[in-house]
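Here is a short briefing on one protein structure. Keep the sequence and the 3D view side by side as you read.

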Amino acid sequence: MVGRDPLRRCVACRQLFPRSQMWRLVRQFDSHQVLLEEGMGRSAYLCRRPECLQEARRKQRLSKALKAPVPEDLFQRLEVSLSSH
Ligand SMILES: [Zn+2]
């Protein structure tokens, strides 16, 4: 249902996808630490495609969208989850 699975825009390819098919990165409102699918604060969305992950990493699309650095281990977790499919 649309209301339960709203569309979000990927920071890399700029296409819209259902929220449930994307990664959500959240800059915590208090600490400004960037976490995956956790907490509350400013969010950026990335679709789960290898080329978008590469693009986001290379061009720092997520850290620009969130205005906070994205930790390297978070990118590694995303890569691992892609390769496990
Ligand atoms: Zn994308």
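The points below cover a metal site, a helix and some salt bridges. The model is predicted. Four cysteines hold a zinc ion, helix α3 has a buried side, and seven salt bridges occur in the structure.

**The zinc site**

- Cys10, Cys13, Cys47 and Cys52 coordinate the zinc ion. Each binds through its SG atom, at 2.2 to 2.4 Å.
- The site is tetrahedral, with angles of 102 to 117° among the four donor atoms. The ideal angle for four tetrahedral donors is 109.5 degrees.
- Along the chain, the donors follow the spacing C-x2-C-x33-C-x4-C. Cys10 sits in the loop between β1 (7-9) and β2 (16-18), while Cys47 belongs to strand β5, so this pair ties together parts that are 37 residues apart in sequence.
- Cys10 is buried, at a relative accessible area of 0%. Cys47 is buried too, with a value of 2%. Buried means under 20%.

**Helix α3**

- Helix α3 covers residues 72-83, twelve residues in all. At 1.5 Å a residue, the helix should span 16 Å. Its end C-alpha atoms are 17 Å apart, which agrees.
- Which residues of α3 are buried? They are Leu74, Phe75 and Leu78. These residues cover an arc of only 100° around the axis, so they lie on the same side of α3.
- An α-helix has 3.6 residues a turn, so residues three or four places apart point the same way.
- Val80 and Ser83 are on the other side of α3, and they are exposed.
- What covers the buried residues of α3? Strands β3 (22-28), β4 (34-36) and β5 (41-47) are included, and so are helices α1 (50-58) and α2 (61-66).

**Salt bridges from α3 to α1**

- Glu72 pairs with Arg57 in a salt bridge, and their closest N and O atoms are 2.0 Å apart. This pair links distant parts of the chain: Glu72 is in helix α3 and Arg57 in helix α1, 15 residues apart.
- Glu72 is partly exposed, at 42% relative accessibility. Arg57 is partly exposed as well, with a relative accessible area of 25%.
- Arg57 also forms a salt bridge with Glu79, at 2.5 Å from N to O. Here too the pair links distant parts of the chain, with Glu79 in helix α3 and Arg57 in helix α1, 22 residues apart.
- Glu79 is partly exposed, with a relative accessible area of 35%.

**A salt-bridge network**

- Salt bridges that share partners join Glu55, Arg58, Lys59 and Arg61 into one network.
- Within this group, Glu55 forms a salt bridge with Arg61. The closest N and O atoms of the two are 3.1 Å apart.
- Is Glu55 buried or exposed? Glu55 is buried, with a relative accessible area of 17%. Its partner Arg61 is partly exposed, at 23%.

Methods:
Residues are numbered from 1 along each chain as its sequence is written. This is a predicted model: local features need pLDDT of at least 70, side-chain atom pairs count only at pLDDT 80 or more; totals for chains, interfaces and linings use all residues. Side-chain values use heavy atoms; hydrogens and water are left out. Helices (H or I, at least four residues) and strands (E, at least two) are DSSP runs, numbered from the N terminus. The expected span of a helix is 1.5 Å times one less than its number of residues. Buried means under 20% relative accessible area, exposed over 50%, partly exposed in between (1.4 Å probe, protein chains only). The arc is that of the directions from the helix axis to the C-beta atoms. Contact means heavy atoms within 4.5 Å. Donors are N, O and S atoms within 2.8 Å of the metal (3.2 Å for Na, K and Ca); water is not among the atoms, so sites may look incomplete. Four donors count as tetrahedral if all angles lie between 85 and 135 degrees; four count as square planar and six as octahedral if opposite donors are over 155 degrees apart and all others between 65 and 115; anything else is irregular. A salt bridge is a side-chain nitrogen of Lys or Arg within 4 Å of a carboxyl oxygen of Asp or Glu.
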